[in-house]
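Student: Please take me through one part of this structure up close. I would like the part itself, and then the backbone and burial details that help me find my way around the rest.

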Amino acid sequence: MTATDIAIVGVGKIARDQHIPSIAADPGFTLAATVSRSGGVDGTENHETLDALLEARPDIPAVSLCMPPVPRYEAARAAIAAGRHVMLEKPPGATVAEVFALERLAREAGVTLFATWHSRHAAGVAAAKDWLADKNIRRLRVDWKEDVRKWHPGQAWIWEPGGLGVFDPGINALSIVTEIMPVPLHLSAAELSFPENRDTPIAADLTFAGPGDIDATATFDWRQEGGEIWQIEIETDAGTLKLTEGGDRLFIDGAEQEVANAGEYPELYRRFAHLIDTGASDVDPAPLIHVADAFLLGRRIVTAPFHD
Ligand code: NAP
């Protein structure tokens with residue numbers, strides 16, 4: 001198997017924690033270059049702008065965009081126009097329309113576009129989807145609570161318009177819910193708590209409607225102290241399923257199930273290689289649509305100022 005050269009664009013927390021180690025461990029890819037304003041990775045060719053990389057290295061067929069959502073559309077558009085396969089960190093865009101536009105551009109250019117949802121590759125998610133497939137759902141309860149100071153230290157962009165605030169982690173829960181639920185849900189109400197000095201919410205309470213009288217709610221909160229809670233509980237007519245630790249552990253009626261996979265990011269790169277090989281794309285905007293609906297429908301509550 002020949003490895004595909006790939007460039008990472010935006011060398012921040014997620015690039016260092018996950019993308020670079022996953023590419024290093026994947027025989028399908030070689031990290032050939034980075035695009036970084038702050039220097040990139042020791043020993044790897046770096047370009048200060050994406051345009052410079054695209055011009056200097058026409059031989060690199062794939063890029064992985066690891067910057068925040070707002071600058072991502074312009075980078076993806078340029079990479080697609082230059083004929084490169086593109087992998088997008090989540091969320092796939094700062095707006096829903098951007099995502100549809102990129103999907104169309106990639107189709108017209110004949111390149112692969114992979115809008116990743118890393119939490120869908122948490123160890124328990126596939127088994128949860130299988131178990132739920134033939135069940136009737138009565139209740140869904142999502143609790144996604146973490147300490148923003150611990151998980152997003154110094155990240156100014158999360159508080160800027162387009163940075164999503166607490167939906168930056170919350171959309172991970174929504175990516176799992178939209179993957180495993182056997183019936184579609186749509187948002188019916190939301191309350192968003194904005195610190196008085198910030199442009200994005202620090203907490204959100206969401207209510208969903210679906211078939212029948214399903215009772216479905218989600219609570220996202222960045223003011224959590226102590227340990228984080230990333231859990232989804234689904235009550236059905238044949239028992240209760242619980243995913244904890246961001247989807248890595250699965251319980252059915254309290255009994256832990258054996259689940260395992262290669263890990264979220266190794267699985268993403270494996271899938272990206274497969275999509276490139278088969279000339280396919282994978283772009284699902286469903287989690288981002290719920291977030292957009294929450295901003296459309298949400299009652300805005302002003303709360304205490306937030307200081308890093
Ligand atoms: P981060 O630590 O702030 O890094 C983002 C990097 O993108 C920056 O270091 C910078 O790298 C580059 N960049 C390019 N344009 C930028 C701009 N206008 N503003 C700020 N940075 C810019 O953020 P991150 O946590 O890695 O998150 C990036 C994306 O990954 C987000 O969409 C996030 O939702 C997603 N994600 C994050 C995590 C996590 O645990 N942090 C987990 C999963 C997914 P250079 O200095 O190299 O140019």
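Tutor: Let's settle one word before we start: a residue is called buried when its relative accessible area is under 20%, exposed when it is over 50%, and partly exposed in between. Please keep in mind that this is a predicted model. With that cut-off, Val-11 counts as buried, because its relative accessibility is 10%. Val-11 sits in the loop between strand 1 (4–9) and helix 1, so you can use this loop as your starting point, since helix 1 (13–25) also supplies at least two residues to the lining of the largest pocket. For a sense of distance, the C-alpha atoms of Val-11 and Lys-145 are separated by 26 Å, with the two positions 134 residues apart along the chain.

Now to the pocket, the part I would look at closely. The largest pocket holds about 1300 Å³ of space. It is lined by 42 residues, and the closest to its centre are Lys-13, Ile-14, Glu-89, Gln-155 and Trp-157. Helix 1 is joined in the lining by helix 3 (72–81), helix 7 (167–180) and helix 8 (264–278), each giving at least two residues. The chemistry of the lining is mixed, with 18 nonpolar, eleven polar and 13 charged residues. Two domains take part: domain 1 (4–115) and domain 2 (121–261 + 292–303) each contribute at least three residues to the lining.

Next, a few backbone features. As background, most residues other than glycine have a negative phi, and most peptide bonds are trans. The bond from Lys-90 to Pro-91 is cis, with omega near -15°. Pro-91 itself belongs to the loop between strand 5 (85–88) and helix 4 (96–109). Leu-164 has a positive phi, near 75°, and is not a glycine. You will find Leu-164 in the loop between helix 6 (148–151) and helix 7. Leu-164 has a relative accessible area of 8%, so it is buried. Asp-253 also has a positive phi, about 50°, without being a glycine. This residue is in the loop between strand 13 (249–252) and strand 14 (255–256). In contrast to Leu-164, Asp-253 is exposed, because its relative accessible area is 54%.

Two helices show how burial can be arranged around an axis. In general, an α-helix has 3.6 residues a turn, so residues three or four places apart point the same way. In helix 5 (residues 125–132), Val-125, Ala-128, Trp-131 and Leu-132 are buried. Viewed down the axis, these buried residues fall within an arc of 125°, so they line one face of helix 5. Ala-126 and Asp-130 are exposed on the other side of helix 5. Helix 9 (residues 286–297) has twelve residues and spans 16 Å from first C-alpha to last, close to the 16 Å expected. Its buried residues are Pro-287, Leu-288, His-290, Val-291 and Ala-294. Down the axis of helix 9, they sit within an arc of 155°, so here too they line one face of the helix.

Finally, two residues make a useful pair for thinking about sequence and space. Ser-193 lies in strand 8 (residues 186–195) and is buried, because its relative accessible area is 11%. Ser-193 and Ile-180 are 13 residues apart along the chain, yet their C-alpha atoms are separated by 28 Å. Gly-210, in the loop between strand 9 (203–209) and strand 10 (215–221), is partly exposed, because its relative accessibility is 25%. Gly-210 and Val-183 are 27 residues apart in sequence, while their C-alpha atoms are 7.3 Å apart in space.

Conventions
Residues numbered from 1 in each chain as written. Predicted model: local features only at pLDDT ≥ 70, side-chain atom pairs only at ≥ 80, totals over all residues. Heavy atoms only, no water. 1 Å grid on protein atoms, 1.4 Å probe; cavity = no way out; pocket = protein on both sides within 12 Å on 5 of 7 lines; lining within 4 Å. Points joined across faces, edges and corners; volume = space filled by probe spheres on them. Helix = DSSP H or I, 4+ residues; strand = E, 2+ residues; numbered from the N terminus. Nonpolar A, V, L, I, M, F, W, Y, C, P; charged D, E, K, R; others polar. Domains from an automatic or database assignment. Expected span 1.5 Å × (residues − 1). Buried < 20%, exposed > 50% of the residue type's maximum accessible area, 1.4 Å probe, protein only. Arc of directions from axis to C-beta.
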